[in-house]
Amino acid sequence: MTPYLPRTATAAGTGPSLFCLPCAGGGASAYAGWQQALDGLGAGLRVQPVQLPGREERAQERRFTELAALVEEMDDQLDDALARPHLMYGHSMGAFVAHALVLRRQRRGAVLPRALVLSSHRAPHVPPNRVLDPDADDEALAARLAELGGIPPELAGRRGFRSRYMPLVRDDLRLCSGTLPKEEIEPLRVPLHLFVGAQDRLVPVPSMDAWSAHGGLGTTLRTLPGGHFFVRTHQNALLRHLTAVARRYGPVPAR
């Protein structure tokens with residue numbers, strides 16, 4: 001058992017697992033309702049929210065601020081689970097981490113997901129735009145996060161909340177601050193399915209479209225209503241599309 005998978009999937013059937021990675025400042029609880037919703041859509045997926053260190057029940061653990069160190073540990077901790085048929089989904093920071101994890105596994109010849117589903121993060125070779133600046137003070141960072149819909153404005157105005165939550169957000173933003181040189185791009189041997197909010201001010205559509213350089217087995221991009229956190233405001237639409245993606249890759253072969 002690994003602390004990266006604290007919640008047991010309860011989906012019936014023999015479909016692949018869907019490993020879900022959270023946004024900056026987020027945790028596994030962001031996907032708490034997905035199993036029931038996807039079951040209702042007949043997706044046949046076993047939802048596996050991934051819990052990163054330093055949040056929720058892992059709040060006392062050291063947080064990572066270096067991407068390579070995080071994905072090395074994730075690769076080791078999740079290797080057994082990822083050896084079985086699966087898809088992987090990451091939103092915002094989760095998309096950046098998911099790509100890095102799959103790339104590491106590709107380079108060492110490990111089992112890869114049937115599909116990689118990414119939403120609301122710039123492609124790794126696109127420089128960050130600093131809309132969310134990890135060097136900003138707590139008040140400014142919280143206000144900008146509230147503008148994007150990441151936290152309620154009333155929480156952004158509370159000093160106690162900012163002092164507890166902003167250090168986590170800041171470390172996560174630093175985790176995603178790197179840029180991959182274009183000459184180091186290695187297309188993944190995995191289909192990419194991309195989603196972005198039409199009103200996203202943090203990740204405009206061209207930044208999401210740039211992921212096509214990383215998709216060695218084809219890339220699709222769909223724009224959904226909403227902003228950076230359309231995954232919350234238009235969750236049902238996203239889950240319908242995820243169901244279609246799951247059906248595209250079929251059931252797990254019988255053994």
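## Helix H6, end to end

The expected span of a helix is 1.5 Å times one less than its number of residues. This is a predicted model, in which local features need pLDDT of at least 70 and side-chain atom pairs count only at pLDDT 80 or more, while totals for chains, interfaces and linings use all residues. Residues are numbered from 1 along each chain as its sequence is written, and side-chain values use heavy atoms, with hydrogens and water left out.

Let's try that rule on helix H6 (159–175). Helices (H or I, at least four residues) and strands (E, at least two) are DSSP runs, numbered from the N terminus. H6 has 17 residues and should therefore span 24 Å, and its end C-alpha atoms are indeed 24 Å apart.

## A bend and a buried side

Where does H6 bend? The bend is at Tyr165, by about 35°, and a proline, Pro167, follows within four residues. Here the bend at a residue is the angle between axes fitted to the seven residues ending there and the seven starting there.

Tyr165 is also one of the buried residues of H6, and others among them are Phe161, Met166, Leu168 and Asp171. Buried means under 20% relative accessible area, exposed over 50%, and partly exposed in between (1.4 Å probe, protein chains only). The buried residues of H6 pack against helix H2 (67–82), H3, H4 and helix H5 (153–156).

## The loop after H6

Ile185 sits in the loop between H6 and strand E5 (192–197). Ile185 is partly exposed, with a relative accessible area of 22%.

Which residues does Ile185 touch, leaving aside its neighbours within four places in sequence? They are His125, Leu180, Ala213 and His214, where contact means heavy atoms within 4.5 Å. Ala213 is 28 residues from Ile185 along the chain, yet their C-alpha atoms are separated by 7.6 Å.

## Two serines with positive phi

Ser92 has a phi near 55°, a positive value in a residue other than glycine. Ser92 lies in the loop between strand E3 (86–91) and helix H3 (93–107), and is buried at 9% relative accessible area.

Ser120 also has a positive phi, near 60°. Its loop runs between strand E4 (116–119) and helix H4 (138–147), and Ser120 is buried with a relative accessible area of 0%.

## Cysteines without bonds

A disulfide is a pair of cysteine sulfur atoms within 2.5 Å, and a search of the whole structure finds zero. Why does Cys20 form no bond? Its sulfur is too far from the closest cysteine sulfur, which is 12 Å away in Cys23. For Cys176 the closest cysteine sulfur is again in Cys23, at 10 Å, so that pair is too far for a bond. Cys20 is buried, at 0% relative accessible area, and Cys176 is buried at 8%.
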